[in-house]
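Subject: Structure for you to look at

Hello,

Here is the structure I said I would pass on. Please open it before reading the rest of this message.

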Amino acid sequence: FDSSSMRLRRLVAAAACVGGACTARYTLHGASKQTPWATKDDLDQIYERAMKDGKYTERGYFDVNEEARTCHGEQVWAQYGIIEYDAIASMLEELNVTASDVFYDLGSGIGNVCTQVFLNTPAKTVKGIEYVPSRHRLALEALKELHSSFPRHFGGDRILQFQCDNLLNHDFADASIIFMCSWCFDDPLLDYIGQAAARNQGLKYLVTLRPLPASCPLVLWKTIPITCDFTDDQLPAYVYKGAALELVQ
(Lines give C-alpha, C1' and ligand atoms only; values in the text may rest on other atoms or scores of the structure.)
Protein backbone atom coordinates (compact mmCIF):
# COMPACT_ATOMS: atom_id res chain seq x y z
CA PHE A 1 0.00 0.00 0.00
CA ASP A 2 1.28 3.43 -1.02
CA SER A 3 0.56 5.80 1.85
CA SER A 4 0.46 8.92 -0.34
CA SER A 5 -2.82 10.84 -0.31
CA MET A 6 -3.13 10.45 -4.10
CA ARG A 7 -2.93 6.69 -3.81
CA LEU A 8 -5.38 6.66 -0.93
CA ARG A 9 -7.88 8.63 -2.97
CA ARG A 10 -7.77 5.90 -5.63
CA LEU A 11 -8.85 3.20 -3.22
CA VAL A 12 -12.44 2.15 -3.54
CA ALA A 13 -14.40 -0.26 -1.45
CA ALA A 14 -17.33 -2.52 -2.13
CA ALA A 15 -18.78 -5.23 0.04
CA ALA A 16 -22.19 -6.73 -0.53
CA CYS A 17 -24.10 -7.60 2.58
CA VAL A 18 -26.86 -9.94 1.50
CA GLY A 19 -29.58 -10.97 3.96
CA GLY A 20 -30.63 -14.01 6.09
CA ALA A 21 -33.16 -15.25 8.71
CA CYS A 22 -35.67 -14.71 11.56
CA THR A 23 -37.71 -11.57 12.39
CA ALA A 24 -37.03 -8.02 13.44
CA ARG A 25 -38.53 -6.51 16.60
CA TYR A 26 -38.94 -2.82 15.79
CA THR A 27 -42.01 -1.03 14.53
CA LEU A 28 -42.12 2.05 12.38
CA HIS A 29 -43.13 4.23 15.30
CA GLY A 30 -40.55 3.13 17.85
CA ALA A 31 -38.66 0.33 19.50
CA SER A 32 -41.59 -1.52 21.04
CA LYS A 33 -41.48 -5.30 20.65
CA GLN A 34 -44.53 -5.76 18.48
CA THR A 35 -45.27 -7.63 15.26
CA PRO A 36 -42.49 -6.79 12.78
CA TRP A 37 -43.33 -4.77 9.72
CA ALA A 38 -41.21 -6.99 7.46
CA THR A 39 -40.08 -10.57 8.05
CA LYS A 40 -37.29 -12.48 6.39
CA ASP A 41 -39.83 -14.00 3.99
CA ASP A 42 -41.10 -10.53 3.07
CA LEU A 43 -37.62 -9.36 2.13
CA ASP A 44 -36.76 -12.58 0.30
CA GLN A 45 -39.86 -12.11 -1.84
CA ILE A 46 -38.97 -8.51 -2.59
CA TYR A 47 -35.56 -9.51 -3.89
CA GLU A 48 -36.91 -12.49 -5.79
CA ARG A 49 -39.25 -10.13 -7.65
CA ALA A 50 -36.51 -7.53 -8.10
CA MET A 51 -34.13 -10.00 -9.77
CA LYS A 52 -36.79 -11.21 -12.22
CA ASP A 53 -34.42 -13.75 -13.78
CA GLY A 54 -34.82 -16.52 -11.22
CA LYS A 55 -31.26 -16.10 -9.95
CA TYR A 56 -32.04 -15.06 -6.40
CA THR A 57 -29.42 -17.47 -5.06
CA GLU A 58 -26.80 -15.59 -7.10
CA ARG A 59 -27.62 -12.17 -5.64
CA GLY A 60 -24.49 -10.07 -5.30
CA TYR A 61 -22.61 -11.92 -8.04
CA PHE A 62 -20.74 -9.89 -10.64
CA ASP A 63 -22.16 -9.42 -14.12
CA VAL A 64 -20.11 -10.99 -16.91
CA ASN A 65 -16.70 -9.24 -17.10
CA GLU A 66 -17.81 -6.71 -14.49
CA GLU A 67 -15.04 -7.53 -12.03
CA ALA A 68 -12.35 -6.82 -14.62
CA ARG A 69 -14.04 -3.61 -15.75
CA THR A 70 -14.87 -2.33 -12.28
CA CYS A 71 -12.27 -3.57 -9.84
CA HIS A 72 -8.95 -4.30 -11.50
CA GLY A 73 -8.24 -0.70 -12.47
CA GLU A 74 -8.68 0.36 -8.86
CA GLN A 75 -7.95 -1.38 -5.59
CA VAL A 76 -11.48 -2.51 -4.83
CA TRP A 77 -12.61 -4.85 -2.07
CA ALA A 78 -15.57 -6.42 -3.88
CA GLN A 79 -16.05 -9.68 -1.99
CA TYR A 80 -19.49 -10.28 -0.58
CA GLY A 81 -21.17 -12.49 1.97
CA ILE A 82 -24.59 -13.08 3.46
CA ILE A 83 -25.23 -11.57 6.89
CA GLU A 84 -28.12 -13.38 8.55
CA TYR A 85 -31.33 -11.45 9.05
CA ASP A 86 -31.61 -12.30 12.74
CA ALA A 87 -28.08 -11.01 13.34
CA ILE A 88 -29.01 -7.63 11.90
CA ALA A 89 -32.21 -7.63 13.98
CA SER A 90 -30.23 -8.28 17.16
CA MET A 91 -27.78 -5.53 16.27
CA LEU A 92 -30.62 -3.05 15.76
CA GLU A 93 -32.00 -3.84 19.19
CA GLU A 94 -28.62 -3.08 20.74
CA LEU A 95 -28.42 0.25 18.89
CA ASN A 96 -31.94 1.39 19.84
CA VAL A 97 -32.57 3.13 16.51
CA THR A 98 -34.79 6.21 16.85
CA ALA A 99 -36.80 8.43 14.52
CA SER A 100 -33.98 10.99 14.42
CA ASP A 101 -31.28 8.56 13.27
CA VAL A 102 -29.46 8.60 9.94
CA PHE A 103 -28.16 5.11 9.19
CA TYR A 104 -25.37 4.41 6.67
CA ASP A 105 -24.35 1.04 5.23
CA LEU A 106 -20.88 1.32 3.68
CA GLY A 107 -20.51 -1.29 0.96
CA SER A 108 -24.27 -1.80 0.85
CA GLY A 109 -24.34 -4.41 -1.91
CA ILE A 110 -27.87 -5.22 -3.06
CA GLY A 111 -29.31 -3.06 -0.29
CA ASN A 112 -30.83 -5.71 1.95
CA VAL A 113 -29.40 -4.39 5.22
CA CYS A 114 -30.64 -0.88 4.42
CA THR A 115 -34.02 -2.33 3.49
CA GLN A 116 -34.28 -4.19 6.79
CA VAL A 117 -33.31 -1.09 8.75
CA PHE A 118 -35.76 1.11 6.86
CA LEU A 119 -38.71 -1.25 7.24
CA ASN A 120 -38.12 -2.41 10.80
CA THR A 121 -36.87 0.70 12.59
CA PRO A 122 -38.15 4.27 12.77
CA ALA A 123 -34.89 5.70 11.32
CA LYS A 124 -35.52 8.95 9.50
CA THR A 125 -32.95 8.32 6.77
CA VAL A 126 -31.21 5.16 5.58
CA LYS A 127 -28.39 5.42 3.02
CA GLY A 128 -26.36 2.73 1.27
CA ILE A 129 -23.16 3.34 -0.69
CA GLU A 130 -21.95 0.61 -3.05
CA TYR A 131 -19.25 0.68 -5.73
CA VAL A 132 -20.19 -2.35 -7.89
CA PRO A 133 -22.82 -1.22 -10.46
CA SER A 134 -24.69 -4.52 -10.78
CA ARG A 135 -25.25 -4.71 -7.03
CA HIS A 136 -26.36 -1.09 -6.94
CA ARG A 137 -28.82 -1.69 -9.80
CA LEU A 138 -30.39 -4.57 -7.90
CA ALA A 139 -30.76 -2.33 -4.82
CA LEU A 140 -32.66 0.17 -6.98
CA GLU A 141 -34.92 -2.59 -8.34
CA ALA A 142 -35.64 -3.70 -4.79
CA LEU A 143 -36.41 -0.09 -3.88
CA LYS A 144 -39.12 -0.04 -6.57
CA GLU A 145 -40.60 -3.22 -5.10
CA LEU A 146 -40.54 -1.68 -1.63
CA HIS A 147 -42.53 1.35 -2.79
CA SER A 148 -45.15 -1.06 -4.10
CA SER A 149 -45.21 -3.47 -1.15
CA PHE A 150 -44.65 -1.08 1.79
CA PRO A 151 -45.93 2.36 0.70
CA ARG A 152 -46.70 3.44 4.28
CA HIS A 153 -43.02 3.54 5.13
CA PHE A 154 -42.31 6.26 2.57
CA GLY A 155 -44.68 8.80 4.08
CA GLY A 156 -43.55 12.01 5.70
CA ASP A 157 -39.89 12.88 5.33
CA ARG A 158 -38.41 9.35 5.62
CA ILE A 159 -35.73 8.52 3.03
CA LEU A 160 -34.26 5.26 1.75
CA GLN A 161 -31.42 6.06 -0.66
CA PHE A 162 -28.80 4.08 -2.58
CA GLN A 163 -25.72 5.56 -4.22
CA CYS A 164 -23.15 3.95 -6.51
CA ASP A 165 -19.87 5.60 -5.60
CA ASN A 166 -16.43 5.38 -4.03
CA LEU A 167 -16.59 5.45 -0.23
CA LEU A 168 -13.63 7.83 -0.23
CA ASN A 169 -15.78 10.49 -1.86
CA HIS A 170 -17.81 10.73 1.36
CA ASP A 171 -17.26 11.83 4.93
CA PHE A 172 -20.59 10.53 6.33
CA ALA A 173 -20.97 13.83 8.20
CA ASP A 174 -24.74 13.43 8.67
CA ALA A 175 -24.59 9.82 9.93
CA SER A 176 -25.69 8.94 13.44
CA ILE A 177 -25.10 5.19 12.90
CA ILE A 178 -22.59 3.63 10.49
CA PHE A 179 -22.57 -0.07 9.64
CA MET A 180 -20.05 -1.84 7.43
CA CYS A 181 -19.53 -5.47 6.54
CA SER A 182 -15.83 -4.69 6.51
CA TRP A 183 -14.39 -8.20 6.59
CA CYS A 184 -12.49 -7.46 3.37
CA PHE A 185 -11.55 -3.83 4.08
CA ASP A 186 -7.86 -3.16 4.69
CA ASP A 187 -6.41 -0.98 7.46
CA PRO A 188 -5.94 2.22 5.38
CA LEU A 189 -9.59 2.15 4.32
CA LEU A 190 -10.75 1.40 7.87
CA ASP A 191 -8.57 4.23 9.14
CA TYR A 192 -10.10 6.66 6.62
CA ILE A 193 -13.63 5.71 7.67
CA GLY A 194 -12.76 5.69 11.37
CA GLN A 195 -11.13 9.12 11.25
CA ALA A 196 -14.08 10.57 9.33
CA ALA A 197 -16.50 9.03 11.82
CA ALA A 198 -14.53 10.40 14.78
CA ARG A 199 -14.89 13.95 13.38
CA ASN A 200 -18.68 13.57 13.20
CA GLN A 201 -20.12 15.15 16.34
CA GLY A 202 -23.53 13.61 15.67
CA LEU A 203 -22.34 10.01 15.44
CA LYS A 204 -23.75 7.57 18.00
CA TYR A 205 -22.36 4.23 16.81
CA LEU A 206 -20.04 2.71 14.23
CA VAL A 207 -20.41 -1.06 13.71
CA THR A 208 -17.72 -2.96 11.80
CA LEU A 209 -16.82 -6.63 11.29
CA ARG A 210 -13.13 -5.72 11.48
CA PRO A 211 -11.82 -3.68 14.41
CA LEU A 212 -10.70 -0.17 13.61
CA PRO A 213 -6.94 0.53 13.60
CA ALA A 214 -5.45 1.76 16.87
CA SER A 215 -4.97 5.20 15.29
CA CYS A 216 -8.74 5.77 15.30
CA PRO A 217 -9.94 7.65 18.39
CA LEU A 218 -13.40 6.05 18.60
CA VAL A 219 -14.00 4.05 21.78
CA LEU A 220 -14.93 0.36 21.53
CA TRP A 221 -18.18 -0.18 23.43
CA LYS A 222 -18.94 -3.87 22.94
CA THR A 223 -19.00 -6.74 20.46
CA ILE A 224 -22.14 -8.37 19.06
CA PRO A 225 -22.14 -11.89 17.56
CA ILE A 226 -22.91 -11.87 13.84
CA THR A 227 -23.74 -14.92 11.73
CA CYS A 228 -22.66 -14.99 8.09
CA ASP A 229 -22.69 -17.52 5.28
CA PHE A 230 -18.93 -17.61 4.74
CA THR A 231 -18.16 -19.28 8.07
CA ASP A 232 -19.86 -21.64 10.50
CA ASP A 233 -18.53 -19.61 13.40
CA GLN A 234 -20.12 -16.51 14.85
CA LEU A 235 -18.12 -13.39 14.07
CA PRO A 236 -17.80 -10.41 16.41
CA ALA A 237 -19.23 -7.13 15.19
CA TYR A 238 -17.27 -4.34 16.88
CA VAL A 239 -19.49 -1.51 18.12
CA TYR A 240 -17.77 1.83 18.71
CA LYS A 241 -19.31 4.81 20.48
CA GLY A 242 -19.32 8.09 18.60
CA ALA A 243 -18.98 11.67 19.77
CA ALA A 244 -22.72 12.13 20.30
CA LEU A 245 -22.76 9.52 23.08
CA GLU A 246 -19.47 10.67 24.54
CA LEU A 247 -20.88 14.22 24.82
CA VAL A 248 -23.93 12.95 26.68
CA GLN A 249 -21.69 11.32 29.26
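Below are some notes on the packing inside this model and on one helix in it.

Please keep in mind that the model is predicted.

I started with the nonpolar cores. The largest one has 45 residues. Within this core, I83, M91, L95, F103, V126, L160 and F179 touch the most other members. Helix 4, which covers residues 85-95, gives the most to this core, namely six residues. A separate core of 26 residues lies apart from the largest one, and its members include Y104, A175, A198 and L212.

V126 is a useful residue to click on. Not counting neighbours within four places in sequence, V126 is in contact with F103, C114, V117, F118, I159, L160 and Q161.

Three of those names, C114, V117 and F118, are among the buried residues of helix 5. That helix runs over residues 112-120, and nine of its nine residues are buried, so helix 5 is largely enclosed by the rest of the structure. The polar residues N112, T115, Q116 and N120 are among those buried there.

What does the side chain of N120 make a polar contact with? N120 is in helix 5, and it counts as buried because its relative accessibility is 0%, where the cut-off for buried is under 20%. Its side chain makes a polar contact with the side chain of Y85, at 2.6 Å. A polar atom of the N120 side chain also lies 2.9 Å from the backbone oxygen of A38.

Regards

Technical notes: Residues numbered from 1 in each chain as written. Predicted model: local features only at pLDDT ≥ 70, side-chain atom pairs only at ≥ 80, totals over all residues. Heavy atoms only, no water. Core = buried A, V, L, I, M, F, W, Y, C linked by side-chain atoms within 4.5 Å. Buried < 20%, exposed > 50% of the residue type's maximum accessible area, 1.4 Å probe, protein only. Helix = DSSP H or I, 4+ residues; strand = E, 2+ residues; numbered from the N terminus. Contact = heavy atoms within 4.5 Å. Polar contact = N/O pair within 3.5 Å; in protein donor to acceptor, adjacent residues only side chain to side chain.
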